[in-house]
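The following exercises concern the architecture of one protein chain and the surroundings of its ligand. Each task is followed by a solution in steps.

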Amino acid sequence: MDGNLLSVDSLVVEYPTKHFRAKPFRALTDINISIKAGETLGLVGESGSGKTTLGRAVLGLAPVTQGTITFEGKDISHASRKDRRALSRDLQVVFQDPYTSLNPALEIGDILAEPLSVQGKSPTEAKRRVRELLDQVGLPSDAIHRLPREFSGGQRQRVAIARALALSPKLIVCDEPVSALDLSTQAVVLDLFLQIQRDTGVSYLFVSHDLDVVRHISHRVAVMYRGEIVEQGTAEVVTRTPEHPYTQRLLLASPVPDPDRQEKRRKDRHELLKAQRIEAAASVPA
Ligand SMILES: Nc1ncnc2c1ncn2[C@@H]1O[C@H](COP(=O)(O)OP(=O)(O)OP(=O)(O)O)[C@@H](O)[C@H]1O
């Protein structure tokens, strides 16, 4: 193994097109990324650039045409269904929309116990782990008997994060996990991601269209444009002094283009996080 938890080499993904004579649609071309244990790679780019497709390819949900995806030294690009089931212990996902990603008919306790029982944990073990998970994501233990609709967006995303954490994965693909949340809840949930990484050493492939979010959460950032990675490097360099014209445009297109205002927004977010951390210690979280 080369020290990487995940490495994606020369990846090409093509989606079949409906018309049988038409050429397949190439969504990803020559993608090369890697993630080490405990590291976050932020994936940023405009809508349609292929971010979700890359996350889905890692999860075995998009068709790999060429190249390899290696996880813990093993080629998983064409893993069988059985191998995928085993992989799901180590490789998990948090989706964008906490309103549709949780089964509305199941109580939170059952949502969290599901991956545990699939992996053969006894009901007693599962119960203990569910309590631990609720605590880890800052939800009260009485959440066990409540339904998703009784929770706010931020709280539901905590449930989705807890579910992803249930089997202590090594990598979580986070597909725009804060985009559906308001700004202050975004800050709290991002902080939770960071806290969990500090506590567990989990790695994230973190997809977002928001440079600000990606800068806050990532160690390194890869910028996608029309199915290719046009730039990657440390979060600081890529998001502040990008080299590629597309990244520069992305930075300019960010809702707060002025660097001073960006700095202020960074400070505001920091202050907000600090205040909310203090508040969170005393109250029910967002
Ligand atoms: N199942 C599919 N079949 C055919 N084409 C697809 C499929 N999924 C995505 N695409 C196409 O692949 C390209 C990349 O889409 P993808 O969803 O990965 O981009 P994205 O950067 O995540 O965009 P967004 O931020 O809007 O989700 C787009 O042109 C999209 O239309």
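Two residues are in contact if their C-beta atoms, placed from the backbone, lie within 7 Å. The model examined here is a predicted one.

**Exercise 1. Domains**

Task: Determine how the chain is divided into domains, and describe the side of domain 1 that touches domain 2.

Solution.
Step 1. The domain assignment gives domain 1 as 6-90 + 170-282, and domain 2 as 98-166.
Step 2. Applying the contact criterion, one finds 11 residues of domain 1 in contact with 12 residues of domain 2.
Step 3. On the side of domain 1 that touches domain 2, helix H6 (residues 183-200) supplies the largest share, namely 5 residues.
Step 4. Sorted by class, the residues on this side of domain 1 comprise 9 nonpolar, 1 polar and 1 charged.
Step 5. A record may be set beside this assignment: UniProt, in an unreviewed entry, places the feature "domain: ABC transporter" at residues 6-251. That span is 37% helix and 26% strand, and its end C-alpha atoms lie 28 Å apart.

**Exercise 2. The sheet of 4 strands**

Task: State the strand order of the open sheet of 4 strands, and identify the helix H1 contacts with it.

Solution.
Step 1. The order is S2-S1-S4-S5, and the pairing is antiparallel.
Step 2. S2 and strand S5 (74-75) are the edge strands, each pairing on one side only.
Step 3. Helix H1 packs on this sheet and touches S1, S2 and S4; the direction of H1 makes about 65 degrees with that of S2.
Step 4. Within the sheet, strand S1 (residues 6-15) pairs with strand S4 (residues 64-71) over 6 bridges in the antiparallel sense. Valine 13 stands opposite valine 64 in S4.

**Exercise 3. The sheet of 6 strands**

Task: Establish the order and pairing of the open sheet formed by 6 strands.

Solution.
Step 1. The strands follow the order S6-S7-S8-S3-S9-S10, with mixed pairing.
Step 2. At the edges are strand S6 (91-94) and strand S10 (228-234), each of which pairs on one side only.
Step 3. From one strand to the next, the twist averages 20 degrees.
Step 4. Strand S3 (residues 40-44) and strand S8 (residues 203-208) are joined by 5 bridges in the parallel sense; here valine 44 stands opposite serine 208 in S8.
Step 5. Helix H9 (residues 245-253) packs on the sheet, where H9 touches S3, strand S9 (220-225) and S10. The direction of H9 makes about 100 degrees with that of S9.

**Exercise 4. The ligand**

Task: Which residues surround the ligand, and which element gives the most to the shell?

Solution.
Step 1. The residues around the ligand are Tyr15, Phe25, Ala27, Gly45, Ser47, Gly48, Ser49, Gly50, Lys51, Thr52, Thr53 and His209.
Step 2. Two elements give two or more residues to this shell: strand S2 (25-35) and helix H1 (51-58).
Step 3. H1 gives the most, with 3 residues.
Step 4. By class, the shell holds 3 nonpolar, 8 polar and 1 charged residues.

Terms used:
Residues numbered from 1 in each chain as written. Predicted model: local features only at pLDDT ≥ 70, side-chain atom pairs only at ≥ 80, totals over all residues. Near = placed C-beta within 6 Å. Nonpolar A, V, L, I, M, F, W, Y, C, P; charged D, E, K, R; others polar. Pairing = 2+ DSSP bridges. Axes fitted to C-alpha atoms, helices over the stretch in contact; angles between N-to-C directions. UniProt positions renumbered as here; feature names shortened; annotations may be inferred. Domains from an automatic or database assignment.
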